[in-house]
Amino acid sequence: MASVEFPLMADEGSDDLPRTLRREREARERASREKEAKARAATLTHDFGASDSRDERRAPAEGFSGTVVNRFDVPFSHLVAFFIKAVFAAIPALIVLSVLLYLGGNVVKAMYPELIHMQILVTFPN
């Protein structure tokens, strides 16, 4: 049977864990908080923590399992404006990419001169 202990991944505190590991870690943390709360309640002689609203605010977040987006309503004109801006923003990136490819091609051609160099000539009749 495979071991369900993942000490390297689960103890790092990373939020990039799979959902099952995250839930298991949260359940352990919740159990330890409840254990500490019971220990504190046993040592208290007064009722200061009875009306503490911090636990009430935290309770809905513990049962939170995720969100599903069913609809994303964006006006068509806003969407068109966004994509036009994206096209203009991509122009400098394309220029930089073509310069890098040109320089990379020249470096490869200088390092390997035995590669076939082909030139396409386009001529138009008079």
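## Helices, salt bridges and a nonpolar patch

Arg-25 and Glu-29 stand four residues apart in helix H2, so about one helical turn separates them. The model in which they are seen is a predicted one, and in it Arg-25 forms a salt bridge with Glu-29, with 4.0 Å between the closest N and O atoms. The two partners differ in how they are covered, because Arg-25 is buried at a relative accessible area of 12%, whereas Glu-29 is partly exposed at 38%. An α-helix has 3.6 residues a turn, so residues three or four places apart point the same way.

### The chain as a whole

The chain contains four helices and zero strands, and its elements, read from the N terminus on, follow the order α-α-α-α. Of its 126 residues, 3% count as buried. The accessible surface of the chain comes to about 12400 Å², and 63% of this area belongs to carbon and sulfur atoms.

### Salt bridges

How many salt bridges does a search of the whole structure find? The search finds three, and the table sets them out with the distance from N to O for each pair.

| Salt bridge | Distance, N to O |
|---|---|
| Arg-28 and Glu-24 | 3.9 Å |
| Arg-25 and Glu-29 | 4.0 Å |
| Arg-71 and Asp-73 | 4.0 Å |

Arg-28 and Glu-24 both lie in helix H2, which covers residues 19-43, and they are four residues apart, or about one turn of the helix. Are these two side chains buried, exposed or partly exposed? Arg-28 has a relative accessible area of 44% and is partly exposed, and Glu-24, with a value of 43%, is also partly exposed. In the pair formed by Arg-71 and Asp-73, whose side chains meet in a salt bridge, Arg-71 is exposed with a relative accessible area of 68%, and Asp-73 counts as exposed at 63%.

### Helix H4 and the nonpolar patch

Helix H4 takes in residues 76-111, and Ile-95 is found in it. At 1.5 Å a residue, the 36 residues of H4 should span 52 Å, and because the C-alpha atoms at its ends are 51 Å apart, the expected and the modelled lengths agree. Where does H4 bend? The helix bends by about 25 degrees at Ile-91, and a proline, Pro-92, follows within four residues.

Ile-91 and Ile-95 are also among the members of a nonpolar patch on the surface, together with Phe-76, Val-80, Ile-84, Phe-88, Val-99, Tyr-102 and Leu-103. Taken together, the residues of this patch have about 940 Å² of accessible area.

### An aromatic pair

The structure holds one aromatic pair. Phe-82 and Phe-83 form this pair, with 5.2 Å from centre to centre and 70 degrees between the planes of the rings, an arrangement that is edge-to-face. The term applies because planes over 60 degrees apart count as edge-to-face. Phe-83 itself counts as partly exposed, at 48% relative accessibility.

Key. Residues are numbered from 1 along each chain as its sequence is written. This is a predicted model: local features need pLDDT of at least 70, side-chain atom pairs count only at pLDDT 80 or more; totals for chains, interfaces and linings use all residues. Side-chain values use heavy atoms; hydrogens and water are left out. Helices (H or I, at least four residues) and strands (E, at least two) are DSSP runs, numbered from the N terminus. Buried means under 20% relative accessible area, exposed over 50%, partly exposed in between (1.4 Å probe, protein chains only). Accessible areas come from the Shrake-Rupley method with a 1.4 Å probe; for residues, only the protein chains shown count as cover. Patches are made of residues with over 30% relative accessible area and no salt bridge: like charges are joined within 9 Å, nonpolar side chains (Val, Leu, Ile, Met, Phe, Trp, Tyr) within 5 Å. The expected span of a helix is 1.5 Å times one less than its number of residues. The bend at a residue is the angle between axes fitted to the seven residues ending there and the seven starting there. Rings of Phe, Tyr and Trp (its six-membered ring) pair if their centres lie within 6.5 Å; planes under 30 degrees apart count as stacked, over 60 as edge-to-face and the rest as tilted.
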